[in-house]
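Trainee: I've got a new structure open and I'm not sure how to read it. Could you walk me through a few features?

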Amino acid sequence: MAASAKSFLADAGYGEQELDANSALMELDKGLRSGKLGEQCEAVVRFPRLFQKYPFPILINSAFLKLADVFRVGNNFLRLCVLKVTQQSEKHLEKILNVDEFVKRVFSVIHSNDPVARAITLRMLGSMASIIPERKNAHHSIRQSLDSHDNVEVEAAIFAAANFSAQSKDFAVGICNKISEMIQGLATPVDLKLKLIPILQHMHHDASLASSSRQLLQQLVTSYPSTKMVIVTLHTFTLLAASSLVDIPKQIQLLLQYLKSDPRKAVKRLAIQDLKLLANKTPHTWSRENIQALCESALNTPYDSLKMGMLSVLSTLSGTIAIKQYFSSAPGTTATTARSFDLVKLAQECCYHNNRGIAAHGVRILTNISASCQEKDLLPLEQDAVFGLEALLVLCSQDDSPGAQATLKMTLTCMVELVKCRPHLSQSVVESLLTQLHSAQDNARILMCHCLAAIAMQLPVLADGMLGDLMDLYKLIGQSATDKKQELLVSLATVIFVSSQKALSTEIKTVIKQQLENASNGWTAYRIARQASRMGNHDMARELYQSLLTQVASEHFYFWLNSLKEFSHAEQCLTGLQEDNYSSALSCIAEALKSYHKGIASLTAASTPLNPLSFQCGFVKLRIDLLQAFSQLICTCNSLKTSPPPAIATTIAMTSGNDLQRCGRISNQMKHSMEEFRNLATRYGDLYQSSFDADSATLRNVELQQQSCLLISHAIEALILDPESASFQEYSSNGTAHVESEYERRMMSVFNRVLEEVESLNRKYAPVSYLHTACLCNAVIALLKVPLSFQRYFFQKLQSTSIKLALSPSPRNPAEPIAVQNNQQLALKVEGVVQHGSKPGLFRKIQSVCLNVSSVLQSKSGQDYKIPIDNMTNEMEQKVEPHNDYFSTQFLLNFVILGTHNITVESSVIDSNGIVWKTGPKTTIFVKSLEDPYSQQVRLQQQQGQPPSQQQQQRTAYSRF
């Protein structure tokens, strides 16, 4: 037990002293120089972790050169360790600066008399193929080793040949004939031929090479009909076609032919597997005839396993463009048209198959057809899909096996998709789920609750009448305390929160709290509270956070829970708002602000250097400022009663030429208010841009807050400041947009209602009347009455992406400036590494990194003469695409003015959709611009009144060259 704990600590790096890069490398170097083999091996295998921690070229180059030395002089076991490290650290290989030196040290072992040493070297060269694709000596060694009599060396040569073929066109062209001779040669054993054939998948660098490889594979398929040979050859054939693209339709036909005519099940299975690969990669290349042939094979096969494979290919295709081609391009003849629905016939036949997997794929095909094809004769399939889904639900919810759970997941996913595109089916689907929930197994219940919540988030289908059933089930479950029951409590609570769209009744709250006290742990209660915050049930959330405050082990957790309790209390204060009652609205907002200020203090205390809670703090600060702006707007509207325009207001307006002066001081206050809301909208936009790792629901939430600010600023402008030029076209909401949550649905309805009221008042009455101010106040109250939703990213970060920058030259001490002469340019090299969490690219991926370099003069030294404004600052931007999470670029900067300059390098990220995200970081260095010695000498001589000497004049003429 102690040993395992110790190894865990060593792996995790706990308790180890934090070393800088050089010290860490020196520590490992000491291990490499040790006389003991065990210590040397230990040092070698610790290198990948070093690369992960300090992923910059200067360290990686030194480390790989040390490893190359170990490879050159060590024994075979050490060489094998170095090989494994190189293969693990493949993405760092391109950061090696002295590639020639590294290869030279490794390559020297190829001349060894030991075939195992040569084999390890060949594998090492193959692993390095990405950085040395065109090294002729490596190519020559691989060709030679293919003729070796030692099996280990030949296998290593095959591995290296495959890797080099993938990287180098020259090598692929040169080795192709050699490989084909060996494959066709009678002297080559069959098992070696089976290893050589896959090399041909890399022969796709040009059309002629791909064509000759296809011909060779075609010959092999016919010449060697044994099962193993056909399987390897066909699979290589498919991979070659998938890479070269032009031959995919031919390959689909070939695979379908083997599927239909070859009697061997293994070959049929391989054909299905390759068809699935091509269906995922290029569904648009599948013709109607291909799908028809696959349907016929599926209808005719007596084997369930093969039928299931074919259906999985068809279900993949049914979710793509291929299905539309299948139904749309119907030929004229009636016979063909009748047969064109073989796919539907097959799916209907399989829906109630006794094999769960086959039934699931059949239902999925029907669901996808219903979702994507709107033709009238396909509409009856909706009901078939619903009946099939309900049958599968009954079957799988009673079974606890992993296979049944996987089928159930597919069934529930289909249900959500079907309801999304056919909302009129939602009621029957939800009723069948609720009916089945009572008799299902716990694992199935959890999945079914997730499905119910997903449907109810999109459509308000869970009526209050259904709450009774859910509450009965909740009471029943709460009597047990197993892990599955805890998970189910959270899932059921989520469904209850979603279904009770208005405030929870006291009875429901009491039941939930009682069950949590009886059978749950603190983590379950926290998860339920988190869901309540997401769904806007803040009174329930506040009580749960309050109960958890004393159950946490660290003060950071205490402050975090305390801040959540205060935020929930603040939002709870806003639920008491009533239209046309503005004084109580002001007191409710003031009460909410009091709680928010307490909460933000607690939230700041909960943050740590490793977890700074920057999004949470930013979101809450904006909410506080928004509430203050709303409060200020209501006060401004009230000022029309407390401070009406003076009697001479009309005269002042006519004299100044500004018609708004008729309204008195309220016009200026409204102008300030509008600017404040616009400023808030900009800040919400900045928060959105800085949240690269946020999920789409959180981003949509931020967007809705921004839109509410823009809505109020537009209403102020349209009603009071500029009624003539106000346009409602750009703000009109398109009702067809798909709404993802109840919060969004309610916000959108408020937006539309406010816009309609503003539009009806606009230009009807001259500003400012009590109708205008009442309209603005009611708009504020309507927006605040929608309970705020704290989305997932506020609590949980599923994707984590950060960028680490390194600048060179960089000073030893950060406060120390770098000295540069003012007649020279500074070449600033910016290197960066993209670091990911456990789920890289879950929501969005980095396409390129945008680097912005700017310099500002901080303090001037020397003469104060005028210099063109262009020379005062440097402002440059470059976009670089990271390769293997690494990027580097250079900037040339001018510092003509003497003095200290502040250089700021800021990085932002561009995702695969072209959207810019301001993720940071921002790095600063200082540069001191010094006068070059010659100019200094000339200036001093001029000050002393001496003309420069002839020799110096001559030097100036040549100095510019």
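Trainee: Which residues make the nonpolar surface patch of about 260 Å²?

Mentor: Leu 37, Phe 77 and Leu 80 make that patch. Keep in mind that this is a predicted model. Leu 37 sits in helix 3, residues 37-45. Leu 37 counts as partly exposed because its relative accessibility is 37%, between the cut-offs of 20% and 50%.

Trainee: Since the model is predicted, what is the mean pLDDT of the chain?

Mentor: The mean is 85, and 88% of the residues reach 70 or more. Among the elements, helix 8 has the highest mean pLDDT, 96, while helix 1 (residues 2-12) has the lowest, 34. Over residues 1-18 the pLDDT stays under 50, and the model gives that stretch eight contacts beyond four places in sequence. Residues 332-340 are also below 50, with ten contacts beyond near neighbours in sequence.

Trainee: Okay, on to the inside. Which residues have the most contacts in the largest nonpolar core?

Mentor: The general idea first: in soluble globular proteins, nonpolar side chains tend to be buried together. Here, the largest nonpolar core has 290 residues, and those with the most contacts inside it are Phe 47, Trp 286, Leu 433, Tyr 474, Phe 677, Phe 794 and Ile 903. Helix 34 (residues 614-642) gives this core its largest share, 14 residues. Take Phe 677: beyond four places in sequence, its contacts include Leu 626, Phe 630, Leu 633 and Ile 712.

Trainee: And for a single helix, which residues of helix 7 are buried?

Mentor: An α-helix has 3.6 residues a turn, so residues three or four places apart point the same way. In helix 7 (residues 99-107), the buried ones are Val 99, Phe 102, Val 103, Arg 105, Val 106 and Phe 107. They pack against helix 5 (57-73), helix 8 (115-127) and helix 9 (136-146).

Trainee: What about backbone oddities? Where is Leu 613, and is it buried or exposed?

Mentor: Leu 613 is in the loop between helix 33 (582-606) and helix 34. Leu 613 counts as buried because its relative accessibility is 7%. Its phi is near 55°, a positive value in a residue other than glycine. Asp 885 also has a positive phi, about 65°, without being a glycine. You'll find Asp 885 in the loop between strand 5 (874-880) and strand 6 (886-894).

Trainee: Which kind of peptide bond runs from Ser 808 to Pro 809, cis or trans?

Mentor: That bond is cis, with omega near 0°. Pro 809 lies in the loop between strand 1 (801-808) and strand 2 (818-821). The bond from Gly 920 to Pro 921 is cis too.

Conventions
Residues numbered from 1 in each chain as written. Predicted model: local features only at pLDDT ≥ 70, side-chain atom pairs only at ≥ 80, totals over all residues. Heavy atoms only, no water. Buried < 20%, exposed > 50% of the residue type's maximum accessible area, 1.4 Å probe, protein only. Helix = DSSP H or I, 4+ residues; strand = E, 2+ residues; numbered from the N terminus. Contact = heavy atoms within 4.5 Å. Patch = residues over 30% accessible without salt bridge, like charges linked within 9 Å, V, L, I, M, F, W, Y side chains within 5 Å. Areas by Shrake-Rupley, 256 points an atom, 1.4 Å probe, with all protein chains shown as cover. Salt bridge = Lys/Arg side-chain N within 4 Å of Asp/Glu carboxyl O. pLDDT = per-residue confidence, 0-100. Core = buried A, V, L, I, M, F, W, Y, C linked by side-chain atoms within 4.5 Å.
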